[in-house]
Amino acid sequence: MVRDNKAQSRFELDVDGGVAFANYRLTPAAVIITHTETPRVLRGQGIASKLVEGALALIRADGRKVVGACGFVVDYLGKHPEYADMVG
């Protein structure tokens, strides 16, 4: 399950002893996701997609918009029109 680590301004997902994360910055209008990272040995398994999906669910639950400032997030949002209403 994805959690919001507010102290470090990042969403986190525990996976097989490692942590995938997405750094963010908050603005009054949106959550700007600036970087996503998956442990090297776990790449290519869809973990980053699960991380972003969970992060977007948390952002939506807070009633906020999202801005993709990371190539992966921009691509993810482009492939998932169900999040179009959240893009700020």
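## Aromatic pairs

A search of the whole structure, a predicted model, turns up 2 aromatic pairs. A pair of aromatic rings is described by the distance of the centres and the angle of the planes.

One pair joins phenylalanine 11 and tyrosine 24. Their ring centres lie 4.7 Å apart, and the planes meet at 35°. This pair is tilted. It links distant parts of the chain. Phenylalanine 11 belongs to strand β2 (residues 10-15), while tyrosine 24 belongs to strand β3 (residues 18-26). The two residues are 13 residues apart. Both phenylalanine 11 and tyrosine 24 are buried.

Tyrosine 76 and tyrosine 83 also pair up. Here the centres are 6.2 Å apart and the planes are at 35°, so this pair is tilted. Tyrosine 76 and tyrosine 83 are both buried.

## A charge over a ring

Arginine 10 places its charged end over the ring of phenylalanine 21. The distance to the ring centre is 4.3 Å.

## The two sides of helix α2

Which residues of helix α2 (residues 71-79) are buried? They are Val73, Tyr76 and Leu77. These residues span an arc of only 95° around the axis, so they sit on the same side of α2. An α-helix has 3.6 residues a turn, so residues three or four places apart point the same way.

On the other side of α2, Gly78 and Lys79 are exposed.

What do the buried residues of α2 pack against? Their partners are β4 (30-37), α1 (47-61) and β5 (65-68).

Conventions:
Residues numbered from 1 in each chain as written. Predicted model: local features only at pLDDT ≥ 70, side-chain atom pairs only at ≥ 80, totals over all residues. Heavy atoms only, no water. Phe/Tyr/Trp six-rings, centres within 6.5 Å; stacked < 30°, edge-to-face > 60°. Helix = DSSP H or I, 4+ residues; strand = E, 2+ residues; numbered from the N terminus. Buried < 20%, exposed > 50% of the residue type's maximum accessible area, 1.4 Å probe, protein only. Lys NZ or Arg CZ within 6 Å of the ring centre and 35° of its normal. Arc of directions from axis to C-beta. Contact = heavy atoms within 4.5 Å.
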